[in-house]
Amino acid sequence: MAQAETRHTETAETVEVTIDDEAYEVAEDATVLEAAMEHGIDVPTLCHMEGLENTAACRLCLVETEEGGDPVAACSLPVEDGLTVETDTERLRRSRRNTLELLLSENCVDCLTCEQRGGCELADLAYEYDVDMDQYEGGGGRFEPMTDNPYFQLDHDRCILCGRCVQACDEVRHNSAIGFTGRGMETKVAPPLDRSLTETECKFCGQCVDSCPTGALTAKDRLGAGREEDLETTSTICTYCGVGCRIEFKHTDDEIVDASIVDDPDTAPANGDRMCVKGRFAWDFVNDDERLTQPLIREDGELREASWQEALDYTAERLQEIREEHGADAVAGLASATCTNEENYVYQKFMRAAFGTNNVDHCARLCHASTVAGLGRAFGSGAMTNSNQEIRDADAILITGSNTTEAHPVLGLEVQEAVENGADLILVDPREIEIADDADLHLRQTGGTDIAWVNGMLNVILEEGLVEEEFVAERTENFEALKETVADYPPEKVEEIAGVDAEKLREAARMYAEADRASILYAMGITQHSSGTDNVLALANLAMATGNVGKEAAGVNPLRGQNNVQGACDLGALPDVYPGYQAVDDPEINETFEAHWDADLPEEPGLTITEMIDAARFGTVKGMYVMGENPMVSDPHLRHVEEGLEELEFLVVQDIFVSETAELADVILPAKAFAEKEGTFTNTERRIQPLTKVVDAPGDAKEDWEIVGELAERFDYPMEYDSVHEITDEIAAVTPIYGGIVADRLDEQGLQWPCEDEDDPGTKFLYADEFNRENGLGEFHGVEYLDPDEIPDDEYPFRLSTGRMLYHFHTRTMTGRSRAIMEHVPDPYVELNPEDAEAYDIEDGERIAVASRRGEIEIPAFVTDRVPEGTIFIPFHFAESAANELTNPTLDPKSKIPELKVCAARIEKLD
Ligand code: SF4
Ligand code: SF4
Ligand code: SF4
Ligand code: FES
């Protein structure tokens, strides 16, 4: 072998290996395949996939070693000092050609006409090695394709039994929905016992589809949608939950045909190589025929098409009339947690500077207003303290009020990875949700008793000397008040209030407090209560008392629901703050914004969503401008919402479909969907990520910021921007926490706020040195338990809770138009414990009535012990059996969030 030149790899421990006559220093724990790949040496593989265990099943990556003998699989050959290998000899090429010919003999499809050509690793290698397709008489055709699920199919004639899909399901998804069945020639990939995938634990995440190196596993919507080589590939950010997954789309100019995880997981810091069923399969609403393409104006009760000019002139005229007659505060507006940061910024600027009111809010009011209020008081700002990928490194995780695997599926996988790495998992949730299977302790508290059990844990922590004294002394204040309050919550008393076993509560307290890095994950089960802010403060107390804030893999982590609910809050789509949580009633701040925006600005905080609806019912709000929100499904006590919206003199709705709210509108303005625009979203971990346009929008739909800008012109307040990037830069100029987030700096990694200037790399976890309060200290708050507003009684004996499910999203405007999702999960349901079902003589699937003091719905019963006796649960997504007909609009006085998570209800068997 020729004299080698040594190249260096930056690792702590390295060895020297020689590959194809060149010497390399490589990590001592690498395989030969990894060493080769790292240095750009092409070794063919089919069964190997980054992130999965090596199985050496395909025998393609064979290499020859200096010792001679049979070639060895590089993917399972560890490097050692002085090892010398050849990767491209004639013998190896012959062997690989032969292996490929054998694989293809089982494959009775014609690679030349296969749609997957260009995306099939097997076909690529077949061409590279110039294989003879007819060398061997093939098998093939033995098995019927697996097509009995709505999402993807498995064509066994294209399967090479490499096992990547089985491993992906097991190792990445922590599931075993598919495996190898049969023996010898009868071996195939299938669910156990050849059942339908819909009868297994499959979550239809598509991880198996993405891992398949051939065309065997293919999304159904991809079939017949064109040859791989004719399609473009563009990655952008998912429009569903707050995880903020980066997704790669295959598309033509105007149609998306497929989605997958990105090729290089390093370009997807929020999700790496994972995503969920919605990101993977529920994008087809973008292509839907019912998309709005033209402005609509209501005339004599009917909607008719109009030009942009007419619709915007009319909208401006009607809004101006209301302002002239009743003042600017007679109009209110809803911004949107699904729109971009730039659109929310422009929208709230329009409402404040062009129209003259602070009546701006959005659906964060209904999910995490109490987080903003609670964490703001305790720490100085209301956001997730740590990052998505830190969860896997925690030593203990406390999940409460979050159905993580369904509502934030990719973060659910992070938790499962942490558990695999040895973390203790404590779940506090009344329901037996999926993540309960991984929990070391599951405390099933009575809904609405959170302050009691958190104070109980703190009582144990204080009693048993588990407080992190140094942290408390140096980084916090008001600890005495906490001590006094939690002294009244011994575990036995908590057991009486919350139904949580006293000993288990002690165990949970020790498990959490004794961990080096303990992370709290919570969501709407904590926030949507009349005590929402106090619930959040209680969790903040727990983290501060044990020193679990301000360090990696710990913290207090509110999981934000919608893709850009964090950004909409950050950018001032709230009635009391400008962008960057700067108070509108602070005269100095107000003056600064007046100068920035060259306008007189109102100083009084405006109305929240629920207050807007009440004001509409009582006639003080006369007009509303709704951008991309659907209060007719998302808000509590829908009968009141409808009454309020119907009372309005003028309602304009800007959306991508005629939503339930748009059905009541006087004007509907067609907007572009996420895949049709640029701008940024801020995910739950405070990461600002850029969107890339994937396809052209249908008809005359415009970007929301363009529409708002054109409306502003009609108010003699020009808001002209040449591009969305100009808005990104304006945001940076007026929003200190976004100060360094200018368009030029944003790549796929995004940046996490606070990011104060252009040299600031952003912040992975918050409060490393000090909290964000004026004195830099975190503040304890003694919070007392109070009963929820409504508790069960003789008339309404059940505790009703509502929430999300995996397959649908928010008000179903998008997932309700996804073919596969609707085939799979078309109907709503109410979860009912078997004991309760028996007591009421109700069968699984039977349609029943559920009523509260506010309304009644009919809905099929799902009899399951996921819910405890006396509790019922309804996913809130379905307008036809809307849980929010029943929910309680009583507000948390501090954050004005409604008590959506608990109210009294009754059930009835229908005739
Ligand atoms: S879709 Fe996901 S859960 Fe289902 S078999 Fe594939 S990897 Fe497993
Ligand atoms: S379906 Fe695809 S990934 Fe699974 S074993 Fe077959 S070829 Fe491999
Ligand atoms: S819905 Fe959430 S977890 Fe699923 S792909 Fe989209 S961002 Fe990721
Ligand atoms: S990649 Fe090594 S044996 Fe398949």
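Cys339 is buried in this predicted model, with a relative accessible area of 3%. What is the closest cysteine sulfur to the sulfur of Cys339? That sulfur belongs to Cys363, and it sits 10 Å away, which is too far for a bond. A disulfide is a covalent bond between the sulfur atoms of two cysteines. Searching the whole structure turns up zero disulfides. Cys212 is another buried cysteine, with a relative accessible area of 15%, and we will meet it again beside a ligand.

**The ligands and their shells**

Several cysteines appear around the ligands. Ligand 1 is surrounded by 13 residues, and the closest are Cys169, Cys202, Cys205, Gly206 and Cys208. Ligand 2 is also surrounded by 13 residues. Here the closest are Cys159, Cys162, Gly163, Cys165 and Cys212.

Around ligand 3 you will find Cys238, Tyr240, Cys241, Gly244, Cys245, Met275, Cys276, Lys278, Gly279, Pro409 and Val410. Two helices, α6 (277-281) and α12 (409-420), each give at least two residues to that shell. The table sorts the shells by residue class.

| Ligand | Nonpolar | Polar | Charged |
|---|---|---|---|
| Ligand 1 | eight residues | three residues | two residues |
| Ligand 2 | 11 residues | two residues | no residues |
| Ligand 3 | eight residues | two residues | one residue |

**The nonpolar cores**

Now for the protein interior. The largest nonpolar core has 135 residues. Which residues have the most contacts inside it? They are Tyr151, Phe152, Phe285, Tyr345, Phe350, Ile397 and Tyr625. Helix α8 (residues 341-355) provides the largest share of this core, with eight residues.

Tyr345 is a good residue to click on. Leaving aside its neighbours within four places in sequence, Tyr345 is in contact with Leu571, Pro579, Trp597, Tyr721, Ile727, Glu730, Ile731 and Val734. A second core, separate from the one around Tyr345, has 56 residues, including Trp453, Val536, Val556 and Tyr767.

**A helix with buried residues**

Helix α22 (residues 609-617) is also worth a look. Its buried residues include Ile609, Thr610, Met612, Ile613, Ala615 and Ala616. An α-helix has 3.6 residues a turn, so residues three or four places apart point the same way. That spacing is easy to follow if you trace Ile609, Met612, Ile613 and Ala616, which are among the buried residues of α22. After α22 comes Gly619, with a positive phi near 85 degrees.

**Two buried residues in loops**

Is Asp760 buried or exposed? At 18% relative accessibility, Asp760 counts as buried, because the limit for that label is under 20%. Asp760 is found in the loop between β31 (751-752) and β32 (778-779). Not counting residues up to four places away in sequence, Asp760 touches Arg745, Pro754 and Cys755. A polar atom of the Asp760 side chain lies 2.8 Å from the backbone nitrogen of Glu756. Gly740 is 20 residues from Asp760 in sequence, yet their C-alpha atoms are 6.5 Å apart in space.

Ser531 gives a second example, placed in the loop between α18 (524-527) and α19 (532-545). With a relative accessibility of 16%, Ser531 counts as buried. What does Ser531 touch, not counting residues up to four places away in sequence? Its partners are Ile451 and Glu899.

Terms used: Residues are numbered from 1 along each chain as its sequence is written. Chains are lettered from A and ligands numbered from 1 in the order in which they are written. This is a predicted model: local features need pLDDT of at least 70, side-chain atom pairs count only at pLDDT 80 or more; totals for chains, interfaces and linings use all residues. Side-chain values use heavy atoms; hydrogens and water are left out. A disulfide is a pair of cysteine sulfur atoms within 2.5 Å. Buried means under 20% relative accessible area, exposed over 50%, partly exposed in between (1.4 Å probe, protein chains only). A residue is near a molecule or strand if one of its heavy atoms lies within 4 Å of it. Helices (H or I, at least four residues) and strands (E, at least two) are DSSP runs, numbered from the N terminus. Ala, Val, Leu, Ile, Met, Phe, Trp, Tyr, Cys and Pro count as nonpolar, Asp, Glu, Lys and Arg as charged, and the others, Gly among them, as polar. Contact means heavy atoms within 4.5 Å. A polar contact is a pair of N or O atoms within 3.5 Å; within protein, one must be able to donate a hydrogen and the other to accept it, and residues adjacent in sequence count only if both atoms are side-chain atoms. A nonpolar core is a set of buried Ala, Val, Leu, Ile, Met, Phe, Trp, Tyr and Cys residues joined through side-chain atoms within 4.5 Å.
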